[in-house]
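Open the structure in your viewer and keep the selection tool handy. We will take a short tour, one stop at a time.

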Amino acid sequence: MTNEQYLIVSYFVCAALSVAAGVLVYLYLRRPFAGVADAASGKHLPTILKRLLPCGLVFPALLGFLSVSYESCNSTYSGIVADRSLLVAKNHEQISAILFCIVIAVIFWNLIAILILRSAQHGK
């Protein structure tokens, strides 16, 4: 496989990995979060929160993937493609950014869950 083919394949694999990671985290957290969202006050708020959760996990994963730029190497396309170790390093950077953004998204949704549970506790 040439470096150019590797660049193309690895880019799409990382893109698919970001979507898959976001979906897997959503599938893992959807039932516990649905239980928390049901405790929210309001008629439509639980439904809105449940519908926003998948977007709130997949979108940050995609943002993490897109946050890594090959242009930051200060090189031309041919210079980037010529160095396989640079391509592998950028793949590692993309995967790291994807996972970091998912962690930040999970922390954000945990804060929302804490606020929901806190308001439900004060409502009793």
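The stops below go from the whole chain to single residues.

**Before you click**

This is a predicted model, in which local features need pLDDT of at least 70 and side-chain atom pairs count only at pLDDT 80 or more, while totals for chains, interfaces and linings use all residues. Residues are numbered from 1 along each chain as its sequence is written, and side-chain values use heavy atoms, with hydrogens and water left out.

**Stop 1: the whole chain**

Start with a cartoon view. You will find four helices and zero strands, where helices (H or I, at least four residues) and strands (E, at least two) are DSSP runs numbered from the N terminus. Read from the N terminus, the order is α-α-α-α. The chain is more spread out than a compact globule, because its radius of gyration is 19 Å, well over the 14 Å that the globule rule gives for 124 residues. That radius is taken over C-alpha atoms, and the rule is 2.2 Å times the number of residues to the power 0.38. Along the principal axes, the C-alpha atoms fill a box of roughly 65 × 25 × 20 Å.

Now switch on the surface. About 8000 Å² is exposed, with carbon and sulfur atoms supplying 68% of it; such areas come from the Shrake-Rupley method with a 1.4 Å probe, and for residues only the protein chains shown count as cover. Of the 124 residues, 31% are buried, meaning under 20% relative accessible area, while exposed means over 50% and partly exposed lies in between (1.4 Å probe, protein chains only).

**Stop 2: Ser18**

Select Ser18, which sits in helix 1. Is Ser18 buried or exposed? Ser18 is buried, with a relative accessible area of 0%. Leaving aside residues up to four places away in sequence, Ser18 touches Ala61, Leu62, Phe65 and Ile98; contact here means heavy atoms within 4.5 Å.

**Stop 3: Asp38 and Lys50**

Next, show the side chains of Asp38 and Lys50, which meet in a salt bridge (2.7 Å, N to O). The term means a side-chain nitrogen of Lys or Arg within 4 Å of a carboxyl oxygen of Asp or Glu. This pair links distant parts of the chain: Asp38 is in helix 1 (residues 3-38) and Lys50 is in helix 2 (residues 45-66), twelve residues apart. Asp38 is partly exposed at 47% relative accessible area, and Lys50 is partly exposed at 31%.

**Stop 4: His44**

Move to the loop between helix 1 and helix 2 and pick His44. His44 counts as exposed at 54% relative accessibility. Draw a C-alpha to C-alpha distance from His44 to Leu57, and it comes to 21 Å for two residues 13 apart in sequence.

**Stop 5: Lys90 and Glu93**

Which side chain meets that of Lys90 in a salt bridge? Glu93 does, at 3.3 Å, N to O. These two are separated by about one helical turn, because they lie three residues apart in helix 4 (residues 84-123). Lys90 is buried at 7% relative accessibility, whereas Glu93 is partly exposed at 39% relative accessible area. The count of salt bridges comes to two.

**Stop 6: Ala113**

Finish with Ala113, also in helix 4. Ala113 counts as buried at 12% relative accessibility. Add Val36 to the selection: the C-alpha atoms of Ala113 and Val36 are separated by 6.3 Å, although the residues are 77 apart along the chain.
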